[in-house]
Structure formats: structure tokens, C-alpha cells
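Dear colleague,

Please find below the structure that I am handing over to you. My findings follow directly after it.

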Amino acid sequence: MARSLVRTSSVFRSIGPLALRWAQLIHPSPNSSFIRTMVQALPWPFSSQPRDFSFPNSSWGPEMMELYERYNSQCEVETEGGRTKRGPWRRLPSYNRSLKFATGGVYLSKIIQSKARLFTRNCKVQGAAFEYVIFINKEQQKCVCALQAGHLLEGPPGHVHGGAIATMIDSVTGTHATYLTGPVMTANLNINYRSPIPLGSTVLLESSLSKKEGRKISVSCKVTSSDGSKIYTEATGLFLSVSVSHLLGV
């Protein structure tokens, strides 16, 4: 039994979430419940229930929480009959990795697959780097992001690195374009830095659709203080629609 558990654990470490499907094929019921329990007990990326980073954590300051509540409260609205319905805004879940494929749908190296993390979600210390949540409004074709910049994002002394700002602009506008048209790739980002962002502060990124023409999606984005009184950065982005097969290298 001990050897069996060691072998099962080794499989989970090597192929992660796919181990559940593999084990169910090799060991159908009654062992499937045992395998499922083991998967749920393992930490992400082996768990079938990854952590959603878009929810508040203890590192979020008052301004970050205020922005979160402002838009999250509009994700559901109450009707005259006292029931709730979907509101104009939607909070987008956010995880720390995406599934990696090689040409033909073959999985990449097990080491790369197990260690790969999204750039904006690769810090384990809460509040140290990118703390953000994205909301989208389909009717208005707008997207907003509340961002709290941690101390690991420093560029000029006491201020956020320009590359970190560009990263978040690309992430937010790319997410917005993807939501509107499906998978996209960044073709161009044009960024104007108007004022440095103090390290540790909370800012609001607002993305708006400018134009859709064939495969081209143009968006504009501005980065402001949480109350909108100061503009830190303005940008425009051009994205190209791509097929899923293109992303997978098929």
C-alpha cells in the first residue's frame, strides 16, 4: 500500500491536474473517490481548485478595498421584488498560471509546466508586487483594474518602475480585447508617462474600446489616482485576433 501511495504521489507531481483523469482511467471506481480526495488535498498547481487572486487579502489597503467594493457591488443588483440579478459589471477571476502547450498539443517539459507562473502572479508574498483585480462591463465595452503596487516594483526611488506600469497596461487592455473578440496578441503599445506613481499607492486603470476593424482591435487606457483626480499614464494599444490553434502552435 505504501509503495502504491508513493507511485501515485509521483504521478501527481509529474503531470499535475491531468493525474486525476489518468488515475480514473487506470483505476476506475471504487478507487476514484480516493484519487479525488488526494488531488483536493494537494496544493495548487496539483489541486483541482486553484486560488483565485482577484479576491481581497490582508495586504489590501483602504483605497484598494474601496475600489473593489465600488465595482464588485455592481456585479449583482437587487430588483424591485427583492431578488438579485446580474449587474453591469463582472469581476474576472485571476490565477497564477495558464496551461502550456507545445506544437501539436504536446505538453511542455514537466519541469517547465510545473514551475510556470504568470508574470503578474509569480510573487508568493501578499502585497509585495502586483495586487490587482479586473472588472469588465460588456454593455459599455469598458474594463477597469484596481492596482496596488508593492515594494518589489520599485524603479525610480520611491516610485513604481515604468516596466511594471507597462505590464499592467498590457495585461488590462489585452484582457479587455480578449473579452471582446476572443484570443488576441499584442501588436503595439504606445505609452505616455505623465507622472510617476508612488510606490505602495493604489491606482485605477481604465480601458475603453476605440475601434474594431477586421482582426484589429484598438483600445485606449489611462492610469489615474483612485479618485480619478490625477492622471499618471495614458496609453493606446493595438491587438490582433488570433485563433486558438495559433496560440497552441498547431
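Gln141 counts as partly exposed because its relative accessibility is 33%; buried means under 20% relative accessible area, exposed over 50%, and partly exposed in between, with a 1.4 Å probe and protein chains only. This residue is found in the loop between β4 and β5. Although Gln141 is not a glycine, its phi is positive, at about 55 degrees. Helices (H or I, at least four residues) and strands (E, at least two) are DSSP runs, numbered from the N terminus.

Please note that this is a predicted model, in which local features need pLDDT of at least 70 and side-chain atom pairs count only at pLDDT 80 or more, while totals for chains, interfaces and linings use all residues. Residues are numbered from 1 along each chain as its sequence is written, and side-chain values use heavy atoms, with hydrogens and water left out.

The protein as a whole

The protein has seven helices and nine strands. Of its 250 residues, 38% are buried. Contact means heavy atoms within 4.5 Å. Among the contacts with a separation of 6 or more, 60% are accounted for by residues 24 or more positions apart.

His176, a neighbour of Gln141

Gln141 is one of the residues that His176 touches, when residues up to four places away in sequence are not counted. The others are Ile136, Lys142, Cys143, Ser207, Ser208, Leu209 and Val219. His176 has its place in helix α6 (residues 162–181). With a relative accessibility of 0%, His176 counts as buried.

Helix α4 and the aromatic rings

Which residues of helix α4 are buried? In this helix (residues 62–72), they are Met64, Leu67, Tyr68 and Tyr71. These residues lie on the same side of α4 because they cover an arc of only 100 degrees around the axis; the arc is that of the directions from the helix axis to the C-beta atoms. What covers them includes the strands β3 (90–92), β4 (130–137), β5 (142–149) and β7 (202–213).

Five aromatic pairs are found in a search of the whole structure. Rings of Phe, Tyr and Trp (its six-membered ring) pair if their centres lie within 6.5 Å; planes under 30 degrees apart count as stacked, over 60 as edge-to-face and the rest as tilted. The pair of Tyr71 and Trp89 is edge-to-face, because the ring planes stand at 75 degrees, with the centres 5.0 Å apart. This pair links distant parts of the chain, 18 residues apart: Tyr71 belongs to helix α4, and Trp89 to the loop between β2 (84–86) and β3. Tyr71 and Trp89 are both buried. Ring pairs also join Trp60, Tyr68, Tyr71, Trp89 and Phe135 into a cluster.

Two arginines sit over rings. A charge sits over a ring if NZ of Lys or CZ of Arg is within 6 Å of the ring centre and within 35 degrees of the ring normal. Arg91 lies over the face of Phe55, at 4.0 Å from the ring centre. Arg121 lies over the face of Tyr132, at 3.7 Å from the ring centre.

The loop between β5 and α6

Gly150 lies in the loop between β5 and α6, and Val160 is found there as well. Gly150 is buried, since its relative accessible area is 3%. Val160, with a relative accessible area of 8%, is buried too.

Not counting residues up to four places away in sequence, Gly150 touches Gly127, Ala128, Ala129 and Leu199. Gly150 and Leu199 are 49 residues apart along the chain, yet 6.6 Å separates their C-alpha atoms. With sequence neighbours left out in this way, Val160 touches Ala149, Leu153, Gly155, Ile165, Ile197, Pro198 and Leu199. Val160 and Ser201 are 41 residues apart in sequence, and their C-alpha atoms are 9.1 Å apart in space.

Ser243

Where is Ser243 found? Its place is the loop between β9 (231–241) and α7 (244–248). Ser243 counts as partly exposed because its relative accessibility is 39%. From C-alpha to C-alpha, Ser243 and Val184 are 8.1 Å apart in space, with their positions 59 residues apart in sequence.

Yours sincerely
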